[in-house]
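Work through the exercises below with the sequence and the model at hand, trying each task before reading its solution.

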Amino acid sequence: MNEAARRAIIRQTLALARREVQPLWQAIEERRERTFRRVLGALQEVSLSEADFAPSTGYGYGAPGRQKLEAVYARLMGTATALVHPSIVSGTHALTLALFAATSAGDRLVSLTGTPYDTLLQVIGVRGDAPGSLRSHGVSFAEVPLLPDGRIDWQTAKPLLAPPTAAVFLQRSRGYGLRPVLGERALRETIARLREVAPRVVILVDNCYGEFVEETEPGEWGADLLAGSLIKNPGGGLAPGGGYVAGREDLVERAASRLTVPGQGREIGPLLAGSRLLFQGLFLAPQAVAEALKGAVWAARLFSALGYAVDPAWDEPRSDLVQAIEMGAREEVLAFCQGIQSAAPVDHHLHLEGGDMPGYEDAIVMATGGFVQGGSLELSADGPLRPPYRVYLQGGLTVDHVGAGLEEVCLRLWEHHGEGKWENVLERLRGKGKGTENRP
Ligand SMILES: *Cc1c(COP(=O)(O)O)cnc(C)c1O
């Protein structure tokens, strides 16, 4: 069968999978509309005007754009205040500011959601000996793995919540570990219980990838401090960089003191490139997040029909944008990522190989070809080259881009499959047989 014929079958398969997920897409769109209204309301509340977009220089005193941006973020994150700045380089940087704001020498930090995101391990000091880690500042760390069913292990946690524990870390996103979602309901319950058991402990939420997936944000659920990246969800694909820390007044002040200078905090920090893209990205963020979610659901449906284990399942609730697919073989991880790369608007011609990444432990292959370097609200895929050879697919500013990426992936996987497989899959999706639903 030649490539054109293969593509035709792949497109039919994609269309059938898309038809099946329509009820979920509709639910995502309804949520998007409500979230958009919330964002629009927050922008109007600060009476945004064109003058607010102007760049500022030098110290950046009194930049009205920045103050309004921070007020909008605080409102949307459900917190008293926020620090938002393009000089926060990444989500890891924002979380670092938050972690240092929440702890002092002699304190202990406890993660109740297992091992934190890879890049935070060096920040905390549990991996490597990078200078300036929390550990090098005298802050100790303990982690409590989630129970096999994904709930928090209170029995193990309880003795760890006594002094010197000063802060508890919760990761909202499932990230690259597989676990059930810790959505609004679970996190509200967790936070309420923490307040009873350890009323003075600072509750810090890693909000990366979670923004606008649900209708409210962790500040409203009672978190003291949250942090995230503007090149993920809240930047809407337009923000060229930046991060935010939102939360209690005193804690955000400490974070700002670490970002700039004690005593000046948020009073300084110029927006050298102005703030228009940060505002406009936020305005578009509910739309972009919804498109990425629709793409993830579509991919999950397609790949479970193809017989791969997927997590979350296509019809499972989601609290972030990440879709894990178990490819089972190194070549298939490479084929998957190469497919996504080939559909990129930028660098589509690159040939991918596995390599080392700063902050990550295993060799990893990454497909990114977005307009913002590393911007993972844009369609991207990556996977560590180790068993069980999972890839993580995320983002997509438009669901059409996700579709184009999936088509390229399927074309490359065809080599590993043989023709019979695709006919079976088509049959199954046409409803002539029972679908296979797998998950790891
Ligand atoms: C992406 C991410 C981070 C780190 O963000 P970077 O911008 O890549 O530094 C931290 N935690 C979670 C859950 C993430 O998804």
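Helices (H or I, at least four residues) and strands (E, at least two) are DSSP runs, numbered from the N terminus. The model is a predicted one, in which local features need pLDDT of at least 70 and side-chain atom pairs count only at pLDDT 80 or more, while totals for chains, interfaces and linings use all residues. Residues are numbered from 1 along each chain as its sequence is written, and side-chain values use heavy atoms, with hydrogens and water left out.

**Exercise 1.** Locate the cis peptide bond that joins two prolines, and place it relative to the elements around it.

Solution. Begin with the bond itself, which joins Pro 163 and Pro 164 in the cis form with omega about 15°. Next, place Pro 164, which is found in the loop between α6 (154-157) and β4 (165-171). A further cis bond runs from Asp 311 to Pro 312, with omega near 0°, and Pro 312 belongs to the loop between β8 (309-311) and β9 (323-326). As background, most peptide bonds are trans.

**Exercise 2.** Determine whether Phe 212 is buried or exposed (buried means under 20% relative accessible area, exposed over 50%, partly exposed in between, with a 1.4 Å probe and protein chains only).

Solution. First find Phe 212 in the loop between β5 (202-206) and β6. Then note that its phi is near 70°, a positive value in a residue other than glycine. Finally, its relative accessible area is 5%, so Phe 212 is buried.

**Exercise 3.** Describe the surroundings of Gly 235.

Solution. Gly 235 sits in the loop between β6 (225-229) and β7 (243-247), and because its relative accessible area is 1%, it counts as buried. Leaving out residues up to four places away in sequence, Gly 235 touches Leu 230, Gly 281 and Leu 282, where contact means heavy atoms within 4.5 Å. Its C-alpha atom is separated by 9.3 Å from that of Gly 375, which lies 140 residues away along the chain.

**Exercise 4.** Identify polar atoms of the protein that lie close to oxygen atoms of the ligand, using N or O pairs within 3.5 Å as the criterion for a polar contact.

Solution. Start with the backbone, where a polar atom of Gly 91 is 2.7 Å from a ligand oxygen. Turn then to the side chains: a polar atom of Lys 232 lies 2.9 Å from an oxygen atom of the ligand, and one of Ser 90 lies 3.4 Å from a ligand oxygen.

Methods. A polar contact is a pair of N or O atoms within 3.5 Å; within protein, one must be able to donate a hydrogen and the other to accept it, and residues adjacent in sequence count only if both atoms are side-chain atoms.
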